[in-house]
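Student: I should like to learn how to read a sheet and its surroundings in a protein model. May we work through one together?

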Amino acid sequence: MSFIIRPAKPEECSIVGNYIRAIAAYEKMSDQVIWSDEQLYNELFVEKNATVVFGEEDGKIVGFALYFFNYSTFVGKKGLYVEDVFVLEEYRKNGYGKQFFKYLAQVAIDKNCGRMEWICLDWNQPSIDFYTKRLGAIPMDEWTVYRLSEDKIKAVAAM
């Protein structure tokens with residue numbers, strides 16, 4: 001078996017969408033996927049607000065990762081933020097998740113990032129174990145993520 005990671009092509013946007021829906025289903029959040037195909041295409045392949053890579057086993061797409069860059073004022077450098085990494089269930093335990101993180105870590109090095117970050121749902125113990133035991137990642141227990149939805153952003157802007 002050969003496994004490679006490669007950038008997604010614009011004509012594969014529907015495949016990206018399928019993987020986003022798959023990770024949303026896994027995370028029990030399918031109802032939160034609200035983008036249109038046109039919007040997803042524009043955001044990823046026109047505006048280039050995030051980058052998607054696919055993992056292929058013998059030419060078959062079996063996983064994906066989506067990342068973008070943020071910035072840390074404390075570190076004084078950009079960081080690589082991993083929004084999604086997902087491998088189809090039947091291809092898990094083959095080391096492909098580790099390969100995705102190895103690839104993303106190399107991107108972070110190549111782009112001179114000071115950090116690499118992501119979030120994980122509290123109930124997702126298999127992923128938590130992978131991140132902490134296999135990758136050596138440290139959970140940020142002292143931080144709480146806050147979020148404004150689009151309607152709340154508009155409300156704040158109108159204050």
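Student: Which residue in β2 does F3 stand opposite?

Tutor: Strands of a sheet pair through backbone hydrogen bonds, either parallel or antiparallel. In this predicted model, F3 stands opposite E57 in β2. The two strands concerned, β1 and β2, are antiparallel and share five bridges.

Student: In what order do the five strands of the open sheet lie?

Tutor: The order is β1-β2-β3-β4-β5, and the pairing within this open sheet is mixed. At the edges are β1, residues 3-7, and β5, residues 115-117, each of which pairs on one side only. From one strand to the next, the twist averages 25 degrees.

Student: How many bridges link β2 and β3, and in which sense do they pair?

Tutor: Seven bridges link them, in the antiparallel sense. One position to inspect is G55, which stands opposite G63 in β3. The connection between β2 and β3 is a hairpin with two residues between the strands. In that turn, D58 has a positive phi of about 50 degrees.

Student: Which strand runs parallel to β4, and how many bridges join the two?

Tutor: That strand is β5; three bridges join it to β4, which spans residues 77-87. To locate the pairing on the model, begin at L80, whose bridge partner in β5 is M116.

Student: Which strands does helix α1 touch where it packs on the sheet?

Tutor: Helix α1, residues 13-26, touches β2 (51-57), β3 (60-72) and β4. The direction of α1 makes about 85 degrees with that of β3.

Student: How many of the seven residues of β2 are buried?

Tutor: In a regular strand the side chains alternate between the two faces of the sheet. As for burial, six of the seven residues of β2 are buried, and the strand is thus described as mostly covered.

Student: Let us turn to a loop. Where does E12 lie, and is E12 buried or exposed?

Tutor: E12 belongs to the loop between β1 and α1. E12 counts as buried because its relative accessibility is 10%, and the cut-off for burial is under 20%.

Student: Which residues does E12 touch, leaving aside those up to four places away in sequence?

Tutor: With those set aside, E12 touches R6, P7, F54 and I61. The side chains of E12 and R6 are also joined by a polar contact of 2.6 Å.

Technical notes:
Residues are numbered from 1 along each chain as its sequence is written. This is a predicted model: local features need pLDDT of at least 70, side-chain atom pairs count only at pLDDT 80 or more; totals for chains, interfaces and linings use all residues. Side-chain values use heavy atoms; hydrogens and water are left out. Two strands pair if DSSP finds at least two bridges between them. Helices (H or I, at least four residues) and strands (E, at least two) are DSSP runs, numbered from the N terminus. Axes are lines fitted to C-alpha atoms, for helices over the stretch in contact, and angles run from 0 to 180 degrees between N-to-C directions. Contact means heavy atoms within 4.5 Å. Buried means under 20% relative accessible area, exposed over 50%, partly exposed in between (1.4 Å probe, protein chains only). A polar contact is a pair of N or O atoms within 3.5 Å; within protein, one must be able to donate a hydrogen and the other to accept it, and residues adjacent in sequence count only if both atoms are side-chain atoms.
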